[in-house]
Amino acid sequence: MFEILLNQNVCMYVMIVCGCIGLTGRAVMSSYLARLAKAAERMGTTRKKQLMEMRRRYEDITSLDVNIHDTAAFVDKYIDRLKIGFIPINVWNGFVKNMGVAAAGTGIFAAAYQYYVVGDGVETLKMLGCGLAACIVLVAAHNQWNCEWHMRTLRDSARNYLGNSLANRLKKEEEKQTTKQDTVEAMAACSETDENDRIKRKAKPARKAQRSDKSDYDALLDGIMKKMLADG
């Protein structure tokens, strides 16, 4: 059975397909992360769904008077949830890396079978060369499209924005809101004081009138008493 597969160059096709899949997967992942990293540099105005969700969640937590002390952990949690389509980014990265392992494993297995079972040295070298070529292509793609660098740039940009720009802006807005509230309360207190003063000023004439009426009554009473004493 293995001889039939080898004679039909199935193993070689498998290595070529693994190399192509790994190459394409690496390019797609690098392009996706590069766009996110670029968008994270202007995270305050970006329309990327993943970054908007991260920013909105940070604002919601801060609005509840909860301090986020470890911004790095907060960012890492959301970046680890990134998906290409419906596939998580970590699964995608592992799949791309496994394409190199599959190509190398297929080449080594085919070469060992050719050498020890069939005894064909030329085919053994061909299989080893094909597997090595697939691995070299995948390593070159890994170096050319450095996803780790894009991921690091994305993390640093998100941490810088959330921990510095957004945190300071939210703090200033909170201080403005507090100052505005204090001003409103001070104005309300002043208005209440003015109203009390106005009420007191209105009450003073009434008190004066009461005193004047009492004085007149006392004078009248004194006059009556004097008259009665004189008549007696």
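The accessible surface of this chain adds up to about 15,800 Å², and 59% of that belongs to carbon and sulfur atoms. Areas like this one come from the Shrake-Rupley method with a 1.4 Å probe, and for residues only the protein chains shown count as cover. Keep in mind that this is a predicted model: local features need pLDDT of at least 70, side-chain atom pairs count only at pLDDT 80 or more, and totals for chains, interfaces and linings use all residues. Residues are numbered from 1 along each chain as its sequence is written, and side-chain values use heavy atoms, with hydrogens and water left out.

Of the 232 residues in the chain, 28% are buried; that word means under 20% relative accessible area, while exposed means over 50% and partly exposed is anything in between (1.4 Å probe, protein chains only).

Now for the fold. There are seven helices and two strands, and starting at the N terminus the order is α-α-α-α-β-β-α-α-α. Helices here are DSSP runs of H or I with at least four residues, strands are E runs of at least two, and both are numbered from the N terminus. Among contacts with a separation of 6 or more, 73% are between residues 24 or more positions apart, a contact being heavy atoms within 4.5 Å.

What does the UniProt record add? Its unreviewed entry lists residues 12-34, 99-118 and 124-145 under "transmembrane region". UniProt positions are given in the numbering used here, feature names are shortened, and annotations may be inferred rather than shown by experiment. In the model, residues 12-34 are 100% helix and 0% strand, with the end C-alpha atoms 33 Å apart. Residues 124-145 come out at 95% helix and 0% strand, and there the end C-alpha atoms are 32 Å apart.

On the outside, Val-17, Ile-21 and Phe-95 make a nonpolar surface patch of about 250 Å². Patch members have over 30% relative accessible area and no salt bridge; like charges are joined within 9 Å, and nonpolar side chains (Val, Leu, Ile, Met, Phe, Trp, Tyr) within 5 Å. Phe-95 sits in helix H5 (residues 89-118) and is partly exposed, at 43% relative accessible area.

Next, the charged side chains. Side chains of opposite charge can pair when their charged atoms come close. The whole structure has three salt bridges, each defined as a side-chain nitrogen of Lys or Arg within 4 Å of a carboxyl oxygen of Asp or Glu. Asp-76 pairs with Arg-155, with the closest N and O atoms 2.4 Å apart. That pair links distant parts of the chain, since Asp-76 is in helix H4 (residues 71-79) and Arg-155 is in helix H7 (residues 147-231), 79 residues apart. Asp-76 also meets Arg-159 in a salt bridge, at 2.8 Å from N to O, and Arg-159 too is in helix H7, 83 residues from Asp-76.

The remaining bridge runs from Asp-80 to Arg-155, at 3.4 Å. Asp-80 lies in the loop between H4 and strand E1 (83-84) and Arg-155 in helix H7, so this pair ties together parts 75 residues apart in sequence. Shared partners join Asp-76, Asp-80, Arg-155 and Arg-159 into one network. Within it, Arg-155 is buried at 17% relative accessibility, whereas Asp-80 is partly exposed at 37%.

Finally, the cysteines: why are there zero disulfides? A disulfide needs a pair of cysteine sulfur atoms within 2.5 Å. The sulfur of Cys-20 is too far for a bond because the closest cysteine sulfur, in Cys-18, is 9.4 Å away. For Cys-135 the closest is also in Cys-18, at 9.7 Å, again too far.
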